[in-house]
2 protein chains.
Amino acid sequence: MVRMSLRHAVLGLLADRTASGYDLMKLFDTSLANVWPATQSQVYGELGKLAGSGLIEVSAEGPRGRKDYAITKRGLDELRSWLIDTEPDRTRRSETLLRVFFLGVLTPVESVTYLSVEAARAAGEHAELERLDAQVDWGDDHLSVYGRLALEYGLRLTAMQEEWASWARDQVGELT
Amino acid sequence: MVRMSLRHAVLGLLADRTASGYDLMKLFDTSLANVWPATQSQVYGELGKLAGSGLIEVSAEGPRGRKDYAITKRGLDELRSWLIDTEPDRTRRSETLLRVFFLGVLTPVESVTYLSVEAARAAGEHAELERLDAQVDWGDDHLSVYGRLALEYGLRLTAMQEEWASWARDQVGELT
DNA sequence: ATTGTACCTTCCACTCTTGACAGGTCAATC
DNA sequence: GATTGACCTGTCAAGAGTGGAAGGTACAAT
């Protein structure tokens with residue numbers, strides 16, 4: 001039990017409102033898609049474990065075997081304690097950057113192509129996020145207020161990535 | 001065998017020069033620390049598998065059981081093919097951002113503190129990278145040329161993170 | 001001569017993540 | 001009445017990553 005952010009992601013979502021595993025999956029695939037992706041197996045598994053340890057509980061049962069979960073007092077304590085008392089794991093892996101390290105085995109022309117594609121990809125993602133920003137109806141609930149901060153991070157990140165990739169492309173271009 | 005970037009990280013390092021597992025670990029702990037961290041167990045395990053499949057080979061044996069590995073023709077082909085023909089996995093997880101999503105369970109003051117710490121952390125990392133940049137003797141080999149591009153990415157990323165965290169802190173501050 | 005330190009490899013137990021599979025129910029439409 | 005599609009929960013196998021333990025060798029300095 002070293003880290004387990006997934007556990008806290010589920011707790012965090014349930015802190016906003018009760019939800020079933022199905023509901024949570026939709027949130028993971030939309031709001032949290034670019035922050036903490038998770039699969040069904042993980043979510044349902046985690047719900048079972050969390051319920052077993054009393055951090056959440058079944059608050060209602062609906063049709064089709066639907067189970068609504070609600071966070072408990074202990075769960076909320078655990079979530080707050082995670083936010084305040086523990087340091088985030090900042091281990092980052094970037095396959096894109098890993099490839100940059102090894103661009104030397106390609107020809108300069110091939111490297112320039114790689115970085116151009118990367119710049120275009122970042123630009124595309126940036127545009128996509130801007131579209132999302134304009135489209136989303138930002139409410140006043142927790143997830144909206146702070147979710148917007150997260151979206152802004154995405155906007156700034158993709159903008160930075162595009163600038164960097166363009167710059168890097170030019171740097172490599174000068175080698176030819 | 002879906003992704004396995006670690007395999008290609010090892011191949012990429014060996015494309016620059018021959019190395020033992022011990023040598024590779026030093027590279028993983030320095031050059032690649034912020035790009036693709038790996039543990040001993042992973043590296044030695046991967047070396048065994050790569051040698052077994054003929055992508056690398058033992059080029060020399062030294063004292064203390066040291067084995068120097070060199071990339072083979074097939075290994076280089078595999079590396080090039082990975083760089084050119086396959087799309088990087090861009091799945092990103094950010095525990096820091098995940099926490100931002102759930103800042104709503106804290107008081108605004110606690111949230112401001114969290115974001116302030118985050119800004120300071122980014123600033124500190126940025127300064128550290130600048131120090132590294134000035135200190136490193138950038139040579140002409142592959143890892144240096146392209147490693148420098150990666151470092152520049154880190155500089156821009158940490159600068160962006162500091163600006164974002166400061167901005168977000170002010171945003172939340174306005175709620176009080 | 002001992003001792004400390006750097007060197008060097010290998011194995012194991014555990015958690016996290018992925019992807020696929022399996023199964024069942026309700027509501028509306030044709 | 002049958003089909004379709006959205007709803008909803010669960011399990012399993014395998015890969016990837018973590019952390020640590022174990023064990024041994026060469027070398028230099030005291």
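This note covers the protein surfaces around DNA strands C and D in a predicted model.

1. Basis. Local features need pLDDT of at least 70 and side-chain atom pairs count only at pLDDT 80 or more, while totals for chains, interfaces and linings use all residues of this predicted model. Residues are numbered from 1 along each chain as written, chains are lettered from A and ligands numbered from 1 in the order written, and side-chain values use heavy atoms, without hydrogens and water.

2. Surroundings of DNA strand D. Near this strand (a heavy atom within 4 Å) are 20 residues, the closest being Tyr22(A), Tyr44(A), Lys67(A), Met4(B) and Ser41(B). Sugar and phosphate make up 69% of the strand D atoms that come within 4 Å of the protein.

3. Polar contacts of DNA strand D (pairs of N or O atoms within 3.5 Å). Phosphate oxygens of strand D lie 2.5 Å from a side-chain N or O atom of Lys67(A), 2.6 Å from a polar backbone atom of Tyr22(A) and 3.3 Å from a backbone N or O atom of Gly21(A).

4. Surroundings of DNA strand C. Here 19 residues surround the strand, and Met4(A), Ser41(A), Arg64(A), Tyr22(B) and Tyr44(B) are the closest. Sugar and phosphate account for 66% of the strand C atoms within 4 Å of the protein.

5. Polar contacts of DNA strand C. Tyr22(B) places a polar backbone atom 2.8 Å from a phosphate oxygen, and for Gly21(B) the backbone distance to a phosphate oxygen is 3.3 Å. A base oxygen of strand C is 3.0 Å from a polar side-chain atom of Gln40(B).

Note on methods:
A polar contact is a pair of N or O atoms within 3.5 Å; within protein, one must be able to donate a hydrogen and the other to accept it, and residues adjacent in sequence count only if both atoms are side-chain atoms.
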